[in-house]
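Biologist: Could you take me on a close walk through one part of this fold, the sheet, and show me how its pieces fit together? I would like one connected account that I can follow with the structure open.

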Amino acid sequence: MLTQTQFLDSLACPRCKTKLKLTRKHCAVCDFGFSCKQGVWKLLYNPHPVSETSRRLYEKLHRRKFAVPTDGVYEVLACFARGNTTIDVASGDGELESRVSETVGVEFAYNALRKSKNRGAKFLVQADAAHLPFVDDAFDLAICAGSLEHFADPELAISEMARVSKIQILTVHKLPSFPAIQIVYNLLTHIISLQQQPIEQPLTWKRLENLLIQAQLKIIFKGVWTLPVNYGRVVKFLPELKNLPSCHFVITKK
Ligand SMILES: [Zn+2]
(Lines give C-alpha, C1' and ligand atoms only; values in the text may rest on other atoms or scores of the structure.)
Protein backbone atom coordinates (compact mmCIF):
# COMPACT_ATOMS: atom_id res chain seq x y z
CA MET A 1 0.00 0.00 0.00
CA LEU A 2 1.33 3.42 -0.96
CA THR A 3 2.05 5.94 1.80
CA GLN A 4 2.04 9.70 1.42
CA THR A 5 5.84 9.76 1.83
CA GLN A 6 6.33 7.11 -0.86
CA PHE A 7 4.03 9.03 -3.18
CA LEU A 8 5.87 12.32 -2.73
CA ASP A 9 9.20 10.49 -3.14
CA SER A 10 8.05 9.08 -6.49
CA LEU A 11 7.46 12.48 -8.13
CA ALA A 12 9.85 13.50 -10.92
CA CYS A 13 10.03 16.13 -13.58
CA PRO A 14 7.88 15.00 -16.55
CA ARG A 15 10.36 16.59 -18.97
CA CYS A 16 13.82 15.53 -17.75
CA LYS A 17 12.82 12.88 -15.11
CA THR A 18 14.88 14.46 -12.33
CA LYS A 19 13.46 13.66 -8.88
CA LEU A 20 11.61 16.76 -7.69
CA LYS A 21 12.47 18.78 -4.64
CA LEU A 22 8.97 19.67 -3.54
CA THR A 23 9.98 22.72 -1.55
CA ARG A 24 10.90 24.35 -4.84
CA LYS A 25 8.33 25.06 -7.54
CA HIS A 26 10.65 24.35 -10.47
CA CYS A 27 12.73 21.39 -11.60
CA ALA A 28 16.33 21.96 -10.47
CA VAL A 29 17.68 20.78 -13.84
CA CYS A 30 15.32 22.00 -16.60
CA ASP A 31 13.30 24.61 -14.69
CA PHE A 32 9.93 22.95 -15.46
CA GLY A 33 7.35 24.69 -13.25
CA PHE A 34 4.90 22.69 -11.13
CA SER A 35 2.35 23.19 -8.35
CA CYS A 36 -0.19 21.39 -6.20
CA LYS A 37 -3.74 22.72 -6.42
CA GLN A 38 -6.57 21.36 -4.26
CA GLY A 39 -4.79 18.06 -3.73
CA VAL A 40 -3.87 17.59 -7.41
CA TRP A 41 -0.19 17.72 -8.44
CA LYS A 42 0.01 19.67 -11.67
CA LEU A 43 2.84 18.10 -13.68
CA LEU A 44 1.44 18.29 -17.16
CA TYR A 45 4.01 18.28 -19.93
CA ASN A 46 2.52 17.45 -23.33
CA PRO A 47 4.47 18.99 -26.19
CA HIS A 48 2.55 16.85 -28.74
CA PRO A 49 -0.04 19.29 -30.23
CA VAL A 50 -2.53 16.45 -30.87
CA SER A 51 -2.36 15.48 -27.21
CA GLU A 52 -3.04 19.06 -26.11
CA THR A 53 -6.04 19.32 -28.46
CA SER A 54 -7.29 16.01 -27.11
CA ARG A 55 -6.85 17.20 -23.50
CA ARG A 56 -8.96 20.30 -24.15
CA LEU A 57 -11.75 18.17 -25.55
CA TYR A 58 -11.64 15.78 -22.57
CA GLU A 59 -11.85 18.77 -20.21
CA LYS A 60 -15.18 19.55 -21.90
CA LEU A 61 -16.30 15.90 -21.95
CA HIS A 62 -15.59 15.56 -18.22
CA ARG A 63 -17.84 18.49 -17.36
CA ARG A 64 -20.69 16.04 -17.72
CA LYS A 65 -21.04 12.38 -16.66
CA PHE A 66 -18.55 10.26 -18.55
CA ALA A 67 -19.77 6.86 -19.77
CA VAL A 68 -17.80 3.97 -18.28
CA PRO A 69 -18.27 0.22 -18.58
CA THR A 70 -20.50 -1.31 -15.91
CA ASP A 71 -19.52 -4.92 -16.64
CA GLY A 72 -17.37 -5.38 -13.54
CA VAL A 73 -14.04 -4.53 -15.16
CA TYR A 74 -13.12 -2.02 -12.44
CA GLU A 75 -13.87 -4.49 -9.61
CA VAL A 76 -11.45 -6.94 -11.23
CA LEU A 77 -8.74 -4.32 -11.78
CA ALA A 78 -9.21 -3.10 -8.20
CA CYS A 79 -8.23 -6.57 -6.95
CA PHE A 80 -4.90 -6.22 -8.77
CA ALA A 81 -4.37 -2.68 -7.46
CA ARG A 82 -5.25 -3.43 -3.85
CA GLY A 83 -2.18 -3.97 -1.65
CA ASN A 84 0.25 -2.97 -4.41
CA THR A 85 1.77 0.39 -5.21
CA THR A 86 -0.20 1.17 -8.36
CA ILE A 87 -0.60 3.93 -10.91
CA ASP A 88 -3.66 4.17 -13.09
CA VAL A 89 -2.69 5.84 -16.37
CA ALA A 90 -5.55 7.93 -17.81
CA SER A 91 -7.59 7.46 -14.66
CA GLY A 92 -10.60 9.47 -15.91
CA ASP A 93 -12.94 10.49 -13.14
CA GLY A 94 -11.63 7.88 -10.73
CA GLU A 95 -13.47 4.57 -11.22
CA LEU A 96 -10.45 2.65 -9.91
CA GLU A 97 -9.41 5.24 -7.31
CA SER A 98 -12.92 5.28 -5.82
CA ARG A 99 -12.46 1.55 -5.15
CA VAL A 100 -8.77 1.59 -4.12
CA SER A 101 -8.10 5.08 -2.79
CA GLU A 102 -4.30 4.68 -2.55
CA THR A 103 -3.99 4.09 -6.31
CA VAL A 104 -2.22 7.02 -7.97
CA GLY A 105 -4.59 8.48 -10.55
CA VAL A 106 -2.79 10.04 -13.54
CA GLU A 107 -4.92 11.97 -15.97
CA PHE A 108 -4.41 14.96 -18.27
CA ALA A 109 -7.91 16.43 -17.81
CA TYR A 110 -8.08 18.44 -14.59
CA ASN A 111 -11.91 18.37 -14.52
CA ALA A 112 -11.74 14.56 -14.28
CA LEU A 113 -9.22 14.71 -11.42
CA ARG A 114 -11.44 17.05 -9.43
CA LYS A 115 -14.24 14.48 -9.67
CA SER A 116 -11.80 11.72 -8.59
CA LYS A 117 -10.90 13.79 -5.53
CA ASN A 118 -14.56 14.04 -4.57
CA ARG A 119 -14.83 10.26 -4.90
CA GLY A 120 -12.10 9.67 -2.33
CA ALA A 121 -8.88 9.40 -4.38
CA LYS A 122 -5.84 10.24 -2.24
CA PHE A 123 -3.09 10.64 -4.83
CA LEU A 124 -3.81 12.56 -8.01
CA VAL A 125 -1.47 13.87 -10.67
CA GLN A 126 -2.30 15.88 -13.75
CA ALA A 127 0.09 14.55 -16.38
CA ASP A 128 0.28 13.25 -19.93
CA ALA A 129 0.61 9.46 -20.37
CA ALA A 130 3.57 9.99 -22.69
CA HIS A 131 5.49 12.03 -20.07
CA LEU A 132 4.89 10.44 -16.68
CA PRO A 133 6.24 12.52 -13.78
CA PHE A 134 7.68 9.67 -11.70
CA VAL A 135 11.13 8.28 -11.01
CA ASP A 136 12.10 4.93 -12.58
CA ASP A 137 10.57 1.80 -10.98
CA ALA A 138 8.44 3.85 -8.60
CA PHE A 139 5.50 1.38 -8.63
CA ASP A 140 4.72 -2.33 -8.53
CA LEU A 141 1.97 -1.99 -11.06
CA ALA A 142 0.83 0.31 -13.86
CA ILE A 143 -2.76 -0.15 -15.01
CA CYS A 144 -4.10 1.39 -18.22
CA ALA A 145 -7.74 0.49 -18.75
CA GLY A 146 -9.30 1.18 -22.13
CA SER A 147 -7.17 4.24 -22.87
CA LEU A 148 -4.17 3.31 -25.02
CA GLU A 149 -6.36 3.55 -28.13
CA HIS A 150 -7.09 7.18 -27.23
CA PHE A 151 -3.48 8.37 -26.87
CA ALA A 152 -1.70 10.60 -29.39
CA ASP A 153 1.52 8.63 -28.85
CA PRO A 154 0.84 5.06 -27.63
CA GLU A 155 4.51 4.02 -28.16
CA LEU A 156 5.76 6.62 -25.73
CA ALA A 157 2.96 5.89 -23.24
CA ILE A 158 3.90 2.19 -23.09
CA SER A 159 7.60 2.93 -22.73
CA GLU A 160 6.77 5.32 -19.88
CA MET A 161 4.60 2.71 -18.12
CA ALA A 162 7.48 0.26 -18.49
CA ARG A 163 9.95 2.77 -17.06
CA VAL A 164 7.99 3.49 -13.87
CA SER A 165 6.54 0.06 -12.98
CA LYS A 166 7.52 -3.60 -12.64
CA ILE A 167 4.25 -5.07 -13.95
CA GLN A 168 1.81 -3.59 -16.44
CA ILE A 169 -1.86 -4.44 -17.02
CA LEU A 170 -3.57 -3.12 -20.12
CA THR A 171 -7.01 -3.39 -21.61
CA VAL A 172 -7.09 -2.03 -25.16
CA HIS A 173 -9.95 -1.97 -27.62
CA LYS A 174 -9.02 -4.29 -30.43
CA LEU A 175 -9.23 -3.97 -34.15
CA PRO A 176 -9.87 -7.31 -35.84
CA SER A 177 -6.94 -8.27 -38.07
CA PHE A 178 -8.08 -8.58 -41.63
CA PRO A 179 -6.82 -6.66 -44.69
CA ALA A 180 -7.90 -3.03 -45.03
CA ILE A 181 -9.64 -3.11 -41.64
CA GLN A 182 -8.28 0.35 -40.80
CA ILE A 183 -9.86 1.84 -43.94
CA VAL A 184 -13.19 0.10 -43.22
CA TYR A 185 -13.09 1.25 -39.59
CA ASN A 186 -12.32 4.86 -40.53
CA LEU A 187 -15.11 4.85 -43.09
CA LEU A 188 -17.67 3.42 -40.65
CA THR A 189 -16.76 5.80 -37.85
CA HIS A 190 -16.93 8.69 -40.30
CA ILE A 191 -20.38 7.63 -41.56
CA ILE A 192 -21.89 7.27 -38.08
CA SER A 193 -19.74 10.18 -36.73
CA LEU A 194 -18.40 8.28 -33.78
CA GLN A 195 -16.88 11.26 -32.00
CA GLN A 196 -17.33 10.35 -28.37
CA GLN A 197 -13.58 10.72 -27.84
CA PRO A 198 -11.15 12.80 -29.91
CA ILE A 199 -8.70 9.97 -30.77
CA GLU A 200 -10.21 6.54 -31.38
CA GLN A 201 -7.67 4.06 -32.73
CA PRO A 202 -8.30 0.46 -31.68
CA LEU A 203 -5.20 -1.71 -32.08
CA THR A 204 -4.70 -5.05 -33.79
CA TRP A 205 -2.91 -7.64 -31.68
CA LYS A 206 0.12 -7.42 -33.97
CA ARG A 207 0.42 -3.65 -33.45
CA LEU A 208 0.00 -3.95 -29.68
CA GLU A 209 2.51 -6.81 -29.50
CA ASN A 210 5.04 -4.70 -31.44
CA LEU A 211 4.59 -1.80 -29.01
CA LEU A 212 5.17 -4.11 -26.04
CA ILE A 213 8.25 -5.68 -27.64
CA GLN A 214 9.68 -2.24 -28.49
CA ALA A 215 9.31 -1.28 -24.83
CA GLN A 216 11.25 -4.49 -23.95
CA LEU A 217 8.35 -5.94 -21.99
CA LYS A 218 7.74 -9.67 -21.57
CA ILE A 219 4.18 -10.76 -22.28
CA ILE A 220 3.07 -12.91 -19.33
CA PHE A 221 -0.57 -13.21 -20.29
CA LYS A 222 -2.57 -12.27 -23.35
CA GLY A 223 -6.27 -12.75 -23.65
CA VAL A 224 -9.48 -11.05 -24.63
CA TRP A 225 -11.86 -9.05 -22.49
CA THR A 226 -15.51 -8.53 -23.33
CA LEU A 227 -15.65 -4.83 -22.65
CA PRO A 228 -18.94 -3.50 -24.10
CA VAL A 229 -18.20 -2.14 -27.58
CA ASN A 230 -20.89 0.53 -27.44
CA TYR A 231 -20.88 1.46 -23.79
CA GLY A 232 -22.82 4.50 -22.82
CA ARG A 233 -24.84 3.82 -26.02
CA VAL A 234 -22.62 6.18 -28.02
CA VAL A 235 -24.29 4.93 -31.18
CA LYS A 236 -27.86 5.33 -30.01
CA PHE A 237 -29.54 2.90 -32.40
CA LEU A 238 -27.22 0.01 -31.43
CA PRO A 239 -27.35 -2.03 -28.21
CA GLU A 240 -24.36 -1.92 -25.83
CA LEU A 241 -22.86 -4.96 -27.59
CA LYS A 242 -21.71 -6.82 -24.52
CA ASN A 243 -20.00 -10.21 -24.43
CA LEU A 244 -18.07 -9.74 -27.67
CA PRO A 245 -14.31 -10.37 -27.57
CA SER A 246 -13.76 -6.64 -28.00
CA CYS A 247 -10.66 -5.90 -26.00
CA HIS A 248 -7.08 -7.11 -25.56
CA PHE A 249 -6.20 -7.94 -21.97
CA VAL A 250 -2.47 -8.11 -21.45
CA ILE A 251 -0.20 -8.52 -18.45
CA THR A 252 3.48 -7.74 -19.01
CA LYS A 253 6.61 -7.39 -16.94
CA LYS A 254 10.07 -5.96 -17.44
ZN1 LIG B 1 13.30 18.83 -15.42
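Modeller: Happy to! Let's start at strand β6 (residues 139-145), which is mostly covered, with six of its seven residues buried. Please keep in mind throughout that this is a predicted model. On one flank, β6 pairs with β3 (residues 86-89) in the parallel sense, over three bridges. To find that seam on your screen, look for Thr86, whose bridge partner in β6 is Leu141, and then for Ile87, which stands opposite Ala142. Strand β7 also pairs with β6 in the parallel sense, this time over six bridges. Ala142 is a handy landmark here too, since its bridge partner in β7 is Gln168. As you step along any of these strands, a general point may help: in a regular strand the side chains alternate between the two faces of the sheet.

Now zoom out from β6. The strand belongs to an open sheet of nine strands, ordered β1-β2-β5-β4-β3-β6-β7-β9-β8, and the pairing in the sheet is mixed. At the edges stand β1 (35-37) and β8 (218-225); each has a single partner strand, so one side of each is left without a neighbour in the sheet. From one strand to the next, the twist averages 20°.

Helices pack on this sheet, and two of them are worth a visit. Helix α4 (residues 110-118) touches β2 (40-42), β4 (104-107) and β5 (123-126), and its direction makes about 175° with that of β5. Helix α7 (residues 205-214) packs on the sheet as well, touching β7 (165-173), β8 and β9 (247-253). The direction of α7 makes about 20° with that of β9.

From α7 you can move on to a helix partner. Helix α5 (residues 154-164) packs against α7 at an angle of about 45°, with the two axes 9 Å apart. That angle makes α5 oblique to α7, and the crossing of the two helices is right-handed. On the α5 side the contact is made by Pro154, Glu155 and Ile158, and on the α7 side by Leu211, Leu212 and Gln214. Sorted by class, this contact of α5 with α7 has four nonpolar residues, one polar and one charged.

Before we leave the sheet, come back to the edge strand β1, where the backbone is worth checking on either side. Asp31 is found in the loop between α1 (4-10) and β1, and Gln38 lies in the loop between β1 and β2. Most residues other than glycine have a negative phi. Asp31, however, has a positive phi, near 70°, and phi of Gln38 is positive too, near 45°. How exposed is each of them? Asp31 has 10 other C-beta atoms within 10 Å and Gln38 has 9; a residue counts as exposed at 12 or fewer, so Asp31 is exposed and Gln38 is exposed.

Finally, here is the setting for all of this. The protein chain has seven helices and nine strands, and buried residues make up 41% of its 254 residues. Among contacts with a separation of 6 or more, 63% are accounted for by residues 24 or more positions apart. For a last look, return to β6, with its parallel pairing to β3 and to β7.

Note on methods
Residues are numbered from 1 along each chain as its sequence is written. This is a predicted model: local features need pLDDT of at least 70, side-chain atom pairs count only at pLDDT 80 or more; totals for chains, interfaces and linings use all residues. Axes are lines fitted to C-alpha atoms, for helices over the stretch in contact, and angles run from 0 to 180 degrees between N-to-C directions. Helices (H or I, at least four residues) and strands (E, at least two) are DSSP runs, numbered from the N terminus. Angles under 35 degrees count as roughly parallel, over 145 as roughly antiparallel, 65 to 115 as roughly perpendicular and the rest as oblique. A crossing is left-handed if the near helix is turned anticlockwise from the far one by less than a right angle, and right-handed if clockwise. Two residues are in contact if their C-beta atoms, placed from the backbone, lie within 7 Å. Ala, Val, Leu, Ile, Met, Phe, Trp, Tyr, Cys and Pro count as nonpolar, Asp, Glu, Lys and Arg as charged, and the others, Gly among them, as polar. Two strands pair if DSSP finds at least two bridges between them. A residue is buried if 20 or more other C-beta atoms lie within 10 Å of its own, exposed if 12 or fewer, and partly exposed in between; C-beta atoms are placed from the backbone.
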